[in-house]
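Please look through the structure below with the sequence beside it, and take your time in finding each part as it is named.

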Amino acid sequence: MSGERDPGTSPPALAAPAQAALIQAALGARDQAYAPYSHFSVGAAVMARDGRIFAGVNVENASYPLTVCAERNAIAAAVLAGARELVAVAVATAVSPPSAPCGGCRQVIAEFARETTILLVNPEGERVETTLGELLPRAFRGEELAP
Ligand code: THU
C-alpha cells in the first residue's frame, strides 16, 4: 500500500517526531480498548492541523452492532476539542500485517481529512504507511449534498 505515489496527491510528509508521537498514542490507547467479545483491541490516534493528538479505542457492547470503532472514538474526541481538520491518523492492532480501518471508519475519517497520511502499526514495530486517498478513492463528501 505504500508504493509509488503521485507527488501531486501525496500528503505533506509528517515530521518524524510527530509521527512517533502519533504512533505511541495509538499503541498506548490500545491497552485501554474495551473488547470483551471480539478480543480484538484497537487503538487509534488522530492529529489535528495544529498538532494536537486525540486517541480512542474500540468500545464493544453486548448488543454487538452498538460497538464503536477506535477511529471514530478518536475523531469524536478531536471534534469535541474543536479540531475539524486531521492531518494524520494512526491505527494500532496486534495483527500482522497491521489492520487498516474498516470501511465505515474510512468514510468518517474522510469527513475531516483529504490526502491524509494513515499509519497502520502493531506493537511488534511493523509500520505500514498509506493515505486516505488509497483507502477510500472517490470518497463521498458533504460538498456533494444539495445546499
Ligand atoms: N474495529 C475498530 O475499532 N476499528 C476498525 O477499523 C475495525 C474494527 C473494532 C470493532 C470491534 O470492536 C473489533 O474491532 C472487531 O471488529
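The paragraphs that follow go from the ligand and its surroundings to an aromatic pair and then to two details of the backbone.

This is a predicted model, in which local features need pLDDT of at least 70 and side-chain atom pairs count only at pLDDT 80 or more, while totals for chains, interfaces and linings use all residues. Residues are numbered from 1 along each chain as its sequence is written, and side-chain values use heavy atoms, with hydrogens and water left out.

Which residues surround the ligand? They are Ser-38, Phe-40, Val-42, Asn-58, Glu-60, Thr-67, Cys-69, Ala-70, Glu-71, Pro-101 and Cys-102, where a residue counts as near if one of its heavy atoms lies within 4 Å of the molecule. Sorted by class, this shell has six nonpolar, three polar and two charged residues; Ala, Val, Leu, Ile, Met, Phe, Trp, Tyr, Cys and Pro count as nonpolar, Asp, Glu, Lys and Arg as charged, and the others, Gly among them, as polar.

Some side chains of the shell come within the range of a polar contact, which with a ligand is a pair of N or O atoms within 3.5 Å. In Glu-60, a polar side-chain atom lies 2.5 Å from a ligand oxygen; for Glu-71, the distance from a side-chain N or O atom to an oxygen of the ligand is 2.7 Å, and for Asn-58 it is 2.9 Å. Taken alone, the ligand exposes 370 Å², and the protein buries 77% of that, with areas from the Shrake-Rupley method and a 1.4 Å probe.

The structure also holds one aromatic pair. The ring centres of Tyr-37 and Tyr-64 are 5.6 Å apart and the planes stand at 45°, so the pair is tilted; rings pair if their centres lie within 6.5 Å, and planes under 30 degrees apart count as stacked, over 60 as edge-to-face and the rest as tilted. Tyr-37 and Tyr-64 are 27 residues apart, and their pair links distant parts of the chain.

Finally, the backbone has two details to find. The peptide bond from Ser-96 to Pro-97 is cis, with omega near -5°, and His-39 has a positive phi of about 55° although it is not a glycine.

Terms used:
Polar contact = N/O pair within 3.5 Å; in protein donor to acceptor, adjacent residues only side chain to side chain. Phe/Tyr/Trp six-rings, centres within 6.5 Å; stacked < 30°, edge-to-face > 60°. Helix = DSSP H or I, 4+ residues; strand = E, 2+ residues; numbered from the N terminus.
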